[in-house]
Amino acid sequence: MKIAILPGDGIGPEIVAQAVRVLEKLQAEGLQVEMETAPLGGAAYDQYGEPYPEATRQLARSADAILLGAVGGPAYDALPREKRPERGLLAIRKDLGLFGNLRPAILYPELAGASTLKPEVVAGLDIMIVRELTGDIYFGQPRGIHVNAAGEREGFNTMRYSESEIRRIAKLAFEIAQKRNRKLCSVDKANVLECTEFWKEILIDVAKDYPDVELSHMYVDNAAMQLVRNPKQFDVIVTGNIFGDILSDEASMLTGSIGMLPSASLDAANKGLYEPCHGSAPDIAGKNVANPLATILSLAMMMRYTFAREDLATRIEQAVQTVLRQGYRTADIFEPGTERISCSAMGDAVVAAL
Ligand SMILES: NC(=O)C1=CN([C@@H]2O[C@H](COP(=O)(O)OP(=O)(O)OC[C@H]3O[C@@H](n4cnc5c(N)ncnc54)[C@H](O)[C@@H]3O)[C@@H](O)[C@H]2O)C=CC1
Ligand SMILES: CC(C)CC(=O)C(=O)O
Ligand SMILES: [Mg+2]
């Protein structure tokens with residue numbers, strides 16, 4: 001397993017270090033793992049003057065899988081747009097063709113009290129959000145800030161999806177739904193946006209190839225509300241880049257914390273980039289208090305999707321569940337009656353449980 005390690009910025013290095021310790025534990029048991037580290041985002045800008053430099057690109061392209069922390073932070077906010085850390089993240093996703101972003105929102109029963117919803121509303125929650133990751137308003141041209149014909153400054157972005165982009169994410173979502181409970185909800189804003197009206201039309205067409213999957217449609221504003229009203233009505237959600245970005249952060253709180261939500265970003269051959277759904281959390285960076293579990297759970301997803309090692313994925317997930325059952329909590333999921341521990345102590349606990 002050749003794995004590129006991209007710690008990134010903010011809490012990125014702290015949380016990735018804990019996932020690397022899990023990998024090292026598996027390596028010590030005999031798993032053939034090769035790890036190489038490179039910068040992405042602000043760290044890459046500091047070293048190379050680019051958020052996605054050639055050295056990182058070559059490593060990412062040659063690796064079987066990539067483990068990423070997060071990028072960004074206030075130190076980089078004043079850079080020209082093309083140099084900002086977030087552009088480095090968009091660039092690596094596009095460069096590697098990582099169009100399929102899987103964001104599972106699963107409530108560990110031990111965290112029922114940390115969820116923002118009542119225990120009976122979230123008990124047993126297990127939703128898979130399938131977010132398209134290389135199109136939509138995040139990539140559409142034209143984009144920018146200019147002076148318009150009336151002489152006023154205006155900012156603009158373009159929401160676009162080609163038919164092939166919609167078909168490939170739809171296919172992925174239907175296949176995932178087939179392996180789960182055969183229920184797929186496509187989230188759009190087809191009542192207002194032509195781009196997502198087209199999305200809906202293509203979803204309905206692709207559905208003909210999956211007669212065993214029940215396809216439903218929901219407007220994104222309603223979906224945001226339904227996620228906190230009755231999240232268990234959903235099984236698999238498929239949506240575009242921006243709606244998926246927003247809905248997955250929302251769904252994370254149903255599981256207790258944004259620090260619990262892992263992700264896989266896959267290309268057509270299941271080469272993947274694995275990262276927590278959250279950002280670089282500048283407010284807590286460098287304090288050793290971040291929750292590393294989303295990153296460790298992202299490593300479990302890597303074992304499952306890129307390396308087809310369901311045994312290792314399950315082992316890592318069970319180790320996470322064990323530490324939660326033992327009562328260990330980072331600050332974001334702490335409740336009275338549990339033990340508050342640091343980011344690195346959480347890494348210790350997971351390695352011990354493993
Ligand atoms: N994939 C990525 O690399 C992403 C990068 N970003 C970037 O990260 C920077 C900060 O963005 P924000 O909007 O503040 O979002 P954020 O996700 O970094 O933080 C939001 C809140 O959640 C908390 N949080 C996040 N991860 C946590 C963890 N593992 N444990 C405990 N608490 C955690 C933070 O402390 C903060 O209060 C920005 O530069 C943004 O562009 C944001 C989202 C994704
Ligand atoms: C920083 C953005 C480019 C990405 C983001 O928020 C995400 O992928 O969740
Ligand atoms: Mg996000």
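Is aspartate 245 buried, exposed or partly exposed, and how many C-beta neighbours does aspartate 245 have inside 10 Å? In this predicted model, aspartate 245 has 18 C-beta neighbours inside 10 Å and therefore counts as partly exposed, since burial requires 20 or more other C-beta atoms within that distance. The residue is part of helix H9, which covers residues 241–252. Aspartate 245 also belongs to the set of residues around ligand 2, the others being Glu86, Leu89, Leu90 and Cys277. Within this shell, three residues are nonpolar and two are charged, while no polar residue is found. The element that gives the most to the shell is helix H4, residues 85–95, with three residues.

An unreviewed UniProt entry places a "binding site" feature at Asp245 together with Asp221 and Asp249. Although these positions span 29 residues in sequence, no two of their C-alpha atoms are more than 14.5 Å apart, so they gather at one spot. Aspartate 221 is found in helix H8, which runs over residues 220–229, and is partly exposed, with 13 other C-beta atoms within 10 Å.

Asp221 appears again in a further "binding site" feature, which the unreviewed UniProt entry places at Arg93, Arg103, Arg131 and Asp221. These positions are spread over 129 residues of sequence and are also spread in space, with up to 26.6 Å between C-alpha atoms. Arginine 103 lies in strand E4 and is buried, as 25 other C-beta atoms lie within 10 Å. When neighbours within four places in sequence are left aside, the contacts of arginine 103 are Ile129, Arg131, Ser248, Leu261, Ser263 and Cys277. Arg131, in contact with arginine 103, is itself one of the positions of this feature, and Cys277, another of these contacts, is among the residues around ligand 2.

The shell around ligand 1 comprises 22 residues, of which Ala70, Gly72, Gly259, His278 and Gly279 come nearest. By class, the shell around ligand 1 divides into 11 nonpolar, seven polar and four charged residues.

With regard to the domains, the chain is divided into domain 1, made up of residues 1–112 and 261–354, and domain 2, made up of residues 116–255. The centres of domain 1 and domain 2, taken over C-alpha atoms, are separated by 23 Å, and 19 residues of domain 1 are in contact with 25 residues of domain 2. On the side of domain 1 that touches domain 2, the elements that give two or more residues are H4 and strand E4, residues 100–106. Strand E4 provides the largest share of that side, with seven residues. The composition of this side of domain 1 is 12 nonpolar, four polar and three charged residues.

Helix H1, residues 12–28, has 17 residues and reaches 24 Å from its first C-alpha to its last, close to the 24 Å expected at 1.5 Å a residue. The buried residues of H1 are Gly12, Glu14, Ile15, Val16, Gln18, Ala19, Val20, Val22, Leu23 and Leu26. What covers these residues includes the strands E1 (2–8), E2 (34–37) and E3 (65–70), as well as H10, helix H11 (310–325) and helix H12 (343–353). After H1 comes glycine 30, whose phi is positive, near 115°.

Helix H10, one of the elements that cover the buried residues of H1, is itself mostly covered, with 13 of its 13 residues buried. At 1.5 Å a residue, the 13 residues of H10, numbered 293–305, should span 18 Å, and the end C-alpha atoms are 18 Å apart, which agrees with that expectation.

A contrasting environment is found at glutamate 120, which is located in helix H5, residues 119–122. With 9 C-beta neighbours inside 10 Å, glutamate 120 counts as exposed. The C-alpha atoms of glutamate 120 and alanine 313 are separated by 28 Å, the two residues being 193 residues apart along the chain.

Technical notes. Residues numbered from 1 in each chain as written. Chains lettered and ligands numbered in written order. Predicted model: local features only at pLDDT ≥ 70, side-chain atom pairs only at ≥ 80, totals over all residues. UniProt positions renumbered as here; feature names shortened; annotations may be inferred. Helix = DSSP H or I, 4+ residues; strand = E, 2+ residues; numbered from the N terminus. Buried ≥ 20, exposed ≤ 12 C-beta atoms within 10 Å, placed from the backbone. Near = placed C-beta within 6 Å. Nonpolar A, V, L, I, M, F, W, Y, C, P; charged D, E, K, R; others polar. Domains from an automatic or database assignment. Contact = placed C-beta atoms within 7 Å. Expected span 1.5 Å × (residues − 1).
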